[in-house]
Amino acid sequence: MGKIIKLGLVLFIITAVTGLILGAVHTITLEPIREAQAREKNEALAATLPGATEFKRLQPSENAGIIKEIYEGSSGGKTVGYNFTVTPKGYGGPIELIVGISNEGRVMDIKILSHSETPGLGAKAVEEPFAGQFKDKLIEKLFVTKTPAEVEDQIQAISGATITSSAVVAGVNEALAYWKADFSGGAQADMTGGAASDSKTSEEAN
């Protein structure tokens, strides 16, 4: 009986010490992780809204949907545009991306921060061949096409990953709609995109 109690006490001490060590490691690494995430976010804000040097976080409206964060980007006290953090649902789960929109309603660029998409398929959304298509787009709405884009408002889907492609496009469109409703200020941007393509493409499996 005494041996059982002794063994239980030893196991308790080992478990307690292990817990304390793990807790200490978590506490030590928590701040560096937060700093790295903040640095990544700031870099993404600057990359998607060129010319902006300061970013002020704004409160999204209650019906903002997948728009989780909004930043007003400025330089020298003058507003350059806005960054929208959106979380559309992809094939593997939410995709978190930042969309930068200028004062005239131009999509300056996008940056995907996190995703759970299929490696080799939807995961290619972060790469230049797909993500680079959104850069410098002055349009009201984007549409997905499985063939090479022929007009300004088309985005060619990643082969075998139409669901992922459509999710990213939907996120950008949500940001554009919010900008138009809340920040356009009646500005008459010259939307030069071509005729809208058929957005009802069949969804391929990722």
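**Group meeting: a pocket, a sheet and a helix**

Strand 5 gives the largest share of the lining of the second largest pocket, namely 4 residues. Before I go on: this is a predicted model. The volume of the second largest pocket is about 150 Å³. Three elements each give two or more residues to the lining of this pocket: helix 1, residues 2–48, strand 5, residues 107–114, and helix 2, residues 128–131.

For those who want to select the lining residues on screen, the list is Ala-47, Thr-48, Asp-109, Ile-110, Lys-111, Ile-112, Val-126, Glu-128, Ala-131, Gly-132 and Lys-135. How does the lining divide into nonpolar, polar and charged residues? There are 5 nonpolar, 2 polar and 4 charged residues.

Next, the sheet. Strand 5 is also part of an open sheet of 5 strands, ordered 1-2-3-4-5, with antiparallel pairing. Which are the edge strands? They are strand 1, residues 54–58, and strand 5, each of which pairs on one side only. On average, and ignoring direction, neighbouring strands of the sheet are turned by 25° against each other.

I will go through the pairings, starting from strand 1. Strand 1 and strand 2 run antiparallel and are joined by 5 bridges. One register point here is Glu-54, whose bridge partner in strand 2 is Ser-74. Ser-74 in turn stands opposite Thr-79 in strand 3, and that takes us one strand further along.

Between strand 2 and strand 3 there are 8 bridges, and the two strands run antiparallel. A register point for this pair is Glu-69, with Thr-85 as its bridge partner in strand 3. The hairpin of strand 2 and strand 3 has 2 residues between the strands, and Gly-76 in this hairpin takes a positive phi near 60°.

Thr-85 carries us on to the next pairing, as Thr-85 stands opposite Ile-98 in strand 4. Strand 3, residues 78–86, and strand 4, residues 96–102, run antiparallel and are joined by 6 bridges. For Val-86, the bridge partner in strand 4 is Leu-97.

Now to what lies on the sheet. Helix 3, residues 162–182, lies across strand 2, strand 3, strand 4 and strand 5. Its angle to strand 4 is about 40°.

Last, the aromatic rings. How many aromatic pairs are there? The count comes to 5. One of the aromatic pairs is formed by Phe-84 and Phe-183, at 6.2 Å centre to centre, with 50° between the planes, and it is tilted. What does this pair link? It links distant parts of the chain, with Phe-84 in strand 3 and Phe-183 in the segment after helix 3, 99 residues apart.

To recap: strand 5 is an edge strand of the sheet, and strand 5 gives 4 residues to the lining of the second largest pocket. Helix 3 lies across four of the strands, from strand 2 to strand 5, and the tilted pair of Phe-84 and Phe-183 links strand 3 to the segment after helix 3.

Definitions and conventions: Residues numbered from 1 in each chain as written. Predicted model: local features only at pLDDT ≥ 70, side-chain atom pairs only at ≥ 80, totals over all residues. Heavy atoms only, no water. 1 Å grid on protein atoms, 1.4 Å probe; cavity = no way out; pocket = protein on both sides within 12 Å on 5 of 7 lines; lining within 4 Å. Points joined across faces, edges and corners; volume = space filled by probe spheres on them. Nonpolar A, V, L, I, M, F, W, Y, C, P; charged D, E, K, R; others polar. Pairing = 2+ DSSP bridges. Axes fitted to C-alpha atoms, helices over the stretch in contact; angles between N-to-C directions. Contact = heavy atoms within 4.5 Å. Phe/Tyr/Trp six-rings, centres within 6.5 Å; stacked < 30°, edge-to-face > 60°.
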